[in-house]
Amino acid sequence: MRVPLSGQACGGGADRVPRFARGVLAAAVAAFTVAVGAPVSVSTAAQVAIAPVATGRAEPAGSIGVQLLDVPLTAYDDPRARLYIIDHLHPGTTIHRRIEISNTTASNQHIVIYPAAAAISQGAFVGAAAHTPNELTTWTSVLPGASNVPSGGHAIATVTIAVPRDAPGGEQYGVVWAETRSPPPTGGGITQVSRVGIRLYLSIGPGGAPASNFTINSLTGGRSPDGQPVVVANVHNSGGRALDMSGTMQLSAGPGGLSAGPFAANLGTTLAIGATEPITIMLDKQIPDGPWHALVTLRSGLLERSARATITFPTTGTPQSPYLIIAGLVILLLAGIVAALFVRRHRKPAGF
Amino acid sequence: MKSMRMGALLLAGAAGVLTLGLAGPASAAETSATVTVTGGALSITVPASAGNLGTRENSVLGGTISGPLGEVQVSDARAAAAGSGWVATVISTAFTPPSGPTIGAAEVGYTAGAITKVGTATFTANNPTNLTGVVAAVTATGITGDNSATWDPTINVFVAGGMAAGVYSGTITQSVS
């Protein structure tokens, strides 16, 4: 699909960029990725000097899995409540939730099940190391705390959360982990631990659950470093609960009346209470620049908010910028020559 | 093989949608009733013995030992709502020799390498260069339905000059939720 770009000069792609300009383009892109990209591990450069020993790379040895079995009837329609233990509890109440631990390996597995703290930082829900406690984990118990699960079998454990009468209000986070570890290597080496867990989002307080709410503050069109059009929605959690964002975007009323989408919003982002995070929606490079009418619909559980905006993606900037730079340089050069000639002509009579 | 596995995932997901049953109100006195959902599980590969990452001679300037940790697979058969995600994290302890100073976890890095994907999701490798604290290794976002990611991480340990000879031992934990 080749669609003319609206109102801009040089609609061609990189294939029409002259060789010199391609060099400039490559340099510009390279400089940009170095500045923006993830830090490159310095150590990888030194790999040459290493003599690997015992690189016995086995096939994946099967897995351990967890799933939540009980969902509160009141939260049954909430898709988040089917994945995670999410509840609002009054101080002094106790809840029980069953979880199933499965073993798809070819051997028995000793699986340890325990709660540990978690936090939401930079849009990600991250469980703390090992058995790190927080207030929520001190109220949470799992029975049995360990189980020998046979090959292909499963075990059921009950998670009990007993909120004390003097518990402080607010939302707390944790994970109920199922953990296995590799046998300690003979003669030393690396012991590996694998954990898979069910997140806990527990709100404590009198009365009903604090309202969840969020606002979409802005919608902007842009391009990723490699030229992919991207829409960034700035989302603010203005409610009293953490949110797990999901959603889609629909483009309409585009050039020639085109419509496109829905495009999945690139999320999985967990938004802490009071936090504002960008949520990006990546689009195909073939999408014309616009202008488009964009409708973004984001949701967390049953809560849904929409935002509309007219968006124009910046023209495929990188291939065109060399032209602009060259044009600018030529104009400057011409201006300089004209100015020099003018000055020279002007000065001659004065000088002599 | 992969498609068969995915087929199994989908089947489990479909079964989850169909077999909804009411559980007994086990603790009705204390809390509201619950519904039993037989969906699929979120799972992670059980670690094989990683054995030895590699060996290098002691040197004045030091250098890096890199080696594979063994393949990791995260399967998500929870039939999650469109757009949900999971986060796989990694943390390391210090590496301890039989005697002498340890190599701190700040000298240990994790490179995910290529991620083989099944299903609809965006997987992002974070490639942390310091495993002192829990840090994201691979993040799945924009999930639609069941999905799985397989990668073969490389561990890079920087060994400073003048470290004692011997086998260094440590623990590396990979978690997904």
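The following exchange concerns a predicted model and takes up a sheet in chain B and some backbone features of chain A.

Colleague: Which strands stand at the edges of the open sheet in chain B?

Modeller: In this sheet of chain B, three strands are arranged in the order 4-10-7 with antiparallel pairing. Each edge strand has a single partner strand, so one side of each is left without a neighbour in the sheet, and in chain B these are strand 4 (63-68) and strand 7 (108-111).

Colleague: Which residue stands opposite B:Ile65 in strand 10 of chain B?

Modeller: Strand 4 of chain B pairs with strand 10 (residues 154-159) of chain B in the antiparallel sense, and this pairing runs over six bridges. In strand 10 of chain B, the residue facing B:Ile65 is B:Val157.

Colleague: Does A:Gln122 count as buried or exposed?

Modeller: A:Gln122, which is not a glycine, nevertheless has a positive phi of about 50°, and its place is the loop between strand 5 (109-121) and strand 6 (124-127) of chain A. A residue is taken as exposed if 12 or fewer other C-beta atoms lie within 10 Å of its own. Because A:Gln122 has 11 C-beta neighbours inside 10 Å, this residue counts as exposed.

Colleague: What is omega for the cis peptide bond that joins A:Leu143 and A:Pro144?

Modeller: A:Pro144 lies in the loop between strand 7 (140-143) and strand 8 (146-149) of chain A. The peptide bond joining A:Leu143 to this proline is cis, with omega at about -5°.

Colleague: Where is A:Pro262 found?

Modeller: The peptide bond leading from A:Gly261 to A:Pro262 is cis, and its omega is near 5°. As for its place in chain A, A:Pro262 belongs to strand 16 (residues 260-264).

Technical notes. Residues numbered from 1 in each chain as written. Chains lettered and ligands numbered in written order. Predicted model: local features only at pLDDT ≥ 70, side-chain atom pairs only at ≥ 80, totals over all residues. Pairing = 2+ DSSP bridges. Helix = DSSP H or I, 4+ residues; strand = E, 2+ residues; numbered from the N terminus. Buried ≥ 20, exposed ≤ 12 C-beta atoms within 10 Å, placed from the backbone.
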